[in-house]
Amino acid sequence: MGIQVERVVLRQIRMPLVHFFETSFGRTEERHMVLVEVISDGLSGWGEVTAGENPFYNEEWTGSAWLIVRDYAAPRVLKHNFESAAQVAGRTSHIRGHRMACGGLEVAMWDLEARRNNVPLARQIGGGERAEIACGVSIGIQESVPQLIKKIETELNAGYQRIKMKIKPGWDVDVIREVRRAFPKIRLMADANSAYRLADADRLKCLDEFNLMMIEQPLAHDEIIDHAQLQARLQTPICLDECIRSAHHAEQAIRMKACGIINIKLGRVGGFSEAKRVHDVAQAQGVPVWCGGMLESGIGRAHNIALSTLPNFVLPGDVSASKRYWTRDIISPPVEVSPRGTIMVPTAPGFGFELDHDFLKHVTVREEIVS
Ligand code: OSB
Ligand code: MG
């Protein structure tokens with residue numbers, strides 16, 4: 001018996017971050033995200049669109065995601081008979097770009113399917129072999145170096161297994177030198193969010209002396225070729241984030257030696273089906289992957305946990321405790337991290353956490369039913 005969705009409920013929620021998060025493309029103080037609920041046979045599946053508040057990380061933002069899901073993606077899914085959630089992405093593949101919007105709906109369908117089958121989402125997507133996932137943290141650009149060092153210390157004391165720090169021109173070589181001096185042995189990496197050009201190769205080459213695990217997305221969001229040229233000059237592996245929107249991009253980037261590691265984000269690639277394909281392509285080529293984050297609420301966070309159970313997720317991801325982002329999360333219990341820097345994979349059906357419906361209502365700023 002197939003899956004047929006009767007109703008899609010869109011909700012936009014607004015949640016202030018505990019601390020602002022700053023990258024090379026700007027500062028975020030408060031998140032506005034679109035949640036997607038798919039309803040079928042009295043069961044609900046839940047997804048989160050991981051787009052930012054502005055079209056700065058990629059072309060999508062909260063407002064565009066709302067319209068894409070409401071006017072283009074949901075109508076392609078409603079009333080259609082699916083044999084499995086694996087077929088959902090194909091129904092929206094004619095929509096150019098907007099993978100995060102389509103992905104928010106796609107992951108909701110996987111959650112629904114897992115609930116129908118009464119299995120944890122991690123199992124439904126073909127993972128779940130590991131009982132816990134390894135966690136790192138992503139630390140934004142700070143107002144001073146001592147502040148950054150203090151933050152890193154806090155996260156290391158909490159048990160996190162690796163530290164990622166954001167960099168940009170003017171907050172890079174000298175800052176990393178200070179961090180390395182304070183923490184000579186830790187697993188450390190830097191994420192530039194596309195802030196450099198190939199002409200900056202000499203400056204980026206200076207980072208080789210700091211024994212970083214990787215440098216994430218130093219060059220333009222759509223530039224695989226320049227990354228290949230840069231990688232040829234660096235010892236430090238490049239990890240691609242923004243550039244990899246599909247398994248095809250992953251194949252091309254690996255073939256060109258543009259990266260040694262891939263950050264997989266569910267939204268960026270359009271959901272679980274494509275994320276699994278990226279995972280498989282990388283695994284076949286011996287390229288390790290890890291799960292990126294987009295400052296998600298508990299729903300997106302839970303989906304990231306499930307994704308991180310696939311076998312080639314061999315490096316700590318950016319999936320961390322709810323309390324680093326929110327005073328209160330929309331799921332209960334919140335995502336918690338052990339003193340070993342791990343998250344236990346939930347064993348309940350679907351994404352595995354309870355929704356805090358009262359609080360969800362409290363943070364909802366608009367709601368619309370598509371049927
Ligand atoms: O590049 O990984 C990124 C947050 C927003 C946009 C892009 C990125 C990030 C992060 C934060 O690094 C990861 C997280 O803690 O969710
Ligand atoms: Mg990144």
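Ligand 1 sits in the second largest pocket of the protein. The model is a predicted one, so what follows is best read as a picture of that prediction.

Start with the neighbours. The shell around the ligand counts 16 residues, and those that come nearest are Ser138, Asn193, Lys265, Leu295 and Tyr325. Sorted by class, seven of the shell residues are charged, six are nonpolar and three are polar.

Some of the polar contacts can be pinned down atom by atom. Tyr325 uses an N or O atom of its side chain, which lies 2.5 Å from an oxygen atom of ligand 1. With Leu295 it is the backbone that takes part: a polar backbone atom there is 2.9 Å from a ligand oxygen. Lys164 joins in through its side chain, with a polar atom placed 3.0 Å from an oxygen atom of ligand 1. As for overall cover, ligand 1 taken alone would expose 390 Å², and the protein buries 97% of that area.

Now for the wider layout. The domain assignment splits the protein chain into domain 1, made of 3-118 plus 355-370, and domain 2, covering 124-344. Their C-alpha centres lie 23 Å apart, and the contact between the two takes 42 residues from domain 1 and 44 residues from domain 2. Which domains supply the shell around ligand 1? Both domain 1 and domain 2 do, with at least three residues drawn from each.

Terms used:
Residues are numbered from 1 along each chain as its sequence is written. Chains are lettered from A and ligands numbered from 1 in the order in which they are written. This is a predicted model: local features need pLDDT of at least 70, side-chain atom pairs count only at pLDDT 80 or more; totals for chains, interfaces and linings use all residues. Side-chain values use heavy atoms; hydrogens and water are left out. A residue is near a molecule or strand if one of its heavy atoms lies within 4 Å of it. A polar contact is a pair of N or O atoms within 3.5 Å; within protein, one must be able to donate a hydrogen and the other to accept it, and residues adjacent in sequence count only if both atoms are side-chain atoms. Accessible areas come from the Shrake-Rupley method with a 1.4 Å probe; for residues, only the protein chains shown count as cover. On a 1 Å grid over the protein atoms alone, a cavity is a set of points where a 1.4 Å probe fits but cannot get out, and a pocket is an open set with protein on both sides within 12 Å along at least five of seven lines; lining residues have an atom within 4 Å of a point. A molecule sits in a cavity or pocket if more than half of its atoms lie within 2 Å of its grid points. Ala, Val, Leu, Ile, Met, Phe, Trp, Tyr, Cys and Pro count as nonpolar, Asp, Glu, Lys and Arg as charged, and the others, Gly among them, as polar. Domain bounds come from an automatic or database domain assignment. Contact means heavy atoms within 4.5 Å.
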